[in-house]
Amino acid sequence: MPEYKKFDRNGASAPRRQSLLDEIKELDARLLSLVSRRNYLMGKAASKRKQKGLPLGDPDMERRIFETWTSEAGNKKFDIKTARRVFEQLNNLAYAAVAKPENRKLSTYILSPPRKPVNVTFDGPGSLLQSKFWIALSAVSGAESRMAPLCVNDQLTELIKAFNQAGAHISWDGDAVESRAGDGIEFEEKLVFAGDDAMTMFLTIAFGLKTVGKFKIAGGPILKQYDSRPLAEVLSPLGARLNTLDLQSHGLPARLECGGRMASSIEISNDIPSEFVAALALAAWTYPQGLTIKFPKNWHGMELLQEVVSVLKKCAVKVSLSDTECRIPATEKISIPEQPKIALEPELCAALLSIPAFSDGKVTINGNWPKSAVADDALQALRTGGVNVSISAESITATKGEAAADASFDFGNANALFPIGLALALNSRSECKLSNIDDEVLFEQGIELLERLGIRYERGEDSLTVIPGRLKWDEAWSAPTPFFGIALGLLAWMRPGISIDNPGDINDLWPRYWTLYNNLPEIDGLKAPEVKTKDESKTRRRIKID
């Protein structure tokens, strides 16, 4: 309880009560101390589970802890649903520190690239989506294959681990992923950890549908909060149901029960995630009757299905795609290439190709530039921002050019490039408009960056008009997405000394980013980071004498 000033009966001093602000601040200080202690204890339990290769969260332990919240919520007049969200966020705080302890120790990283024209050539990272498809197909078919160079980040490694838990033989080394020959996968009675990427969960469910029986799927903090209810619309006609194991949540962990009569045809509504439909299409050749997926004309997931069809055709699956349906026949065996050809990751590569607009010189990325709406929109954004692009069969090269006269950005399907567009707009040194920004969170994050840079702007409903000026910078910023982090790296050519609080988050997108950035201006191929080994001759040893 707060302490109040004592006074005697005869004294003139009136009792002074602690102000409302001071009392709240005192309570918050005590609250943060308790949260810190709770994080330590929850993290201790999570660390032990991590060492055993288990998911960080223990559903049974969380359920028993939440019983206290349930009983106390009524007494304290808390809404139970709101209390549940607070409970989950507190757990996520503890798990995040265990999952990525390195992020807690990273100091502010000051960005100051060399003021020289760049001359860069390297093998570009492969498409994340195509990589996931090929990894899944290699795992399911038990084929021998090697995929490189890939963008081997947390999303891919979590997918690999998930399929290995079902019996696959897949490993990674640097930017290469290898699949060894085996008997394929079997999910029945297994526990599969899907991490935090929804596509890993979708692929696990899609390929698990052919299993007669049941298995469990667990996930990280993000998938724990995922709303899986829309999936029931498709799972039911396919003879399956997904039962969440936490009665207070619609996310993971969950149990997939399969074995009912599978329909040979399903209809897709706009409520079904397009990524889940893509996963079903990729797995449908394993279903007893195959699968026909019907959808409305101009359905928003058409491009994803085109990617699936392209991959399946390379495996000799006789799949067909029209404006309103995709037919995947049942196929006993598929043919996986020993070295599948994977196109470049368009948005990431576009962000890297924007470097010459700030530094002069040129950047060449070896690899096949994809043919897709995302790739086309990414190129258009680069050209609008003053980047000349030359594409050949085996590479793509960027040099500095002139910004478009109207200086108007519309990222279309390449929404992730919005932060890079902001940097290009500021670099143009003329008034620029950025339109059709559908992601409200991304929109507000962009405004926050402009305000930190001291840049004037005008906001519309889904557009921003940027009025470039002299960049200011006071203190480090925690970039909300990896692309915002890359944008800070670009802006550092204009204003050296820009600093970032979370440089490690960019590695979550592409682990080789800092190898590239820190070795500018001359790069001819990216080498894997050196791993320091102990010099055994200098190691002090303890010798026990009986």
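Which residues is Cys258 in contact with, leaving aside its neighbours within four places in sequence? In this predicted model, the contacts of Cys258 beyond those neighbours are Gly208, Leu209, Thr211, Val212, Gly213, Gly239 and Ala240. Cys258 itself lies in strand 9, which spans residues 254-258. Its relative accessible area is 11%, and the cut-off for a buried residue is under 20%, so Cys258 counts as buried. A further distance places Cys258 relative to Phe215: the two are 43 residues apart in sequence, while their C-alpha atoms are 8.9 Å apart in space.

One of the contacts of Cys258, Gly208, leads to helix 7, which covers residues 198-208. This helix is mostly covered, with 10 of its 11 residues buried. The buried residues of helix 7 are Met199, Thr200, Met201, Phe202, Leu203, Thr204, Ile205, Ala206, Phe207 and Gly208.

Elsewhere in the chain, two helices pack against each other. Helix 15 consists of residues 418-428 and helix 16 of residues 440-453. Their axes are 10 Å apart and make an angle of about 35°, and the crossing is right-handed. From helix 15, the residues Phe418, Leu422 and Leu426 take part in the contact; on the side of helix 16 they meet Leu442, Phe443, Gly446, Leu450 and Leu453. By class, the contact has seven nonpolar residues, one polar residue and no charged ones. An α-helix has 3.6 residues a turn, so residues three or four places apart point the same way. Phe418, Leu422 and Leu426 are the helix 15 residues to view with that spacing in mind.

Terms used: Residues are numbered from 1 along each chain as its sequence is written. This is a predicted model: local features need pLDDT of at least 70, side-chain atom pairs count only at pLDDT 80 or more; totals for chains, interfaces and linings use all residues. Side-chain values use heavy atoms; hydrogens and water are left out. Axes are lines fitted to C-alpha atoms, for helices over the stretch in contact, and angles run from 0 to 180 degrees between N-to-C directions. Helices (H or I, at least four residues) and strands (E, at least two) are DSSP runs, numbered from the N terminus. A crossing is left-handed if the near helix is turned anticlockwise from the far one by less than a right angle, and right-handed if clockwise. Contact means heavy atoms within 4.5 Å. Ala, Val, Leu, Ile, Met, Phe, Trp, Tyr, Cys and Pro count as nonpolar, Asp, Glu, Lys and Arg as charged, and the others, Gly among them, as polar. Buried means under 20% relative accessible area, exposed over 50%, partly exposed in between (1.4 Å probe, protein chains only).
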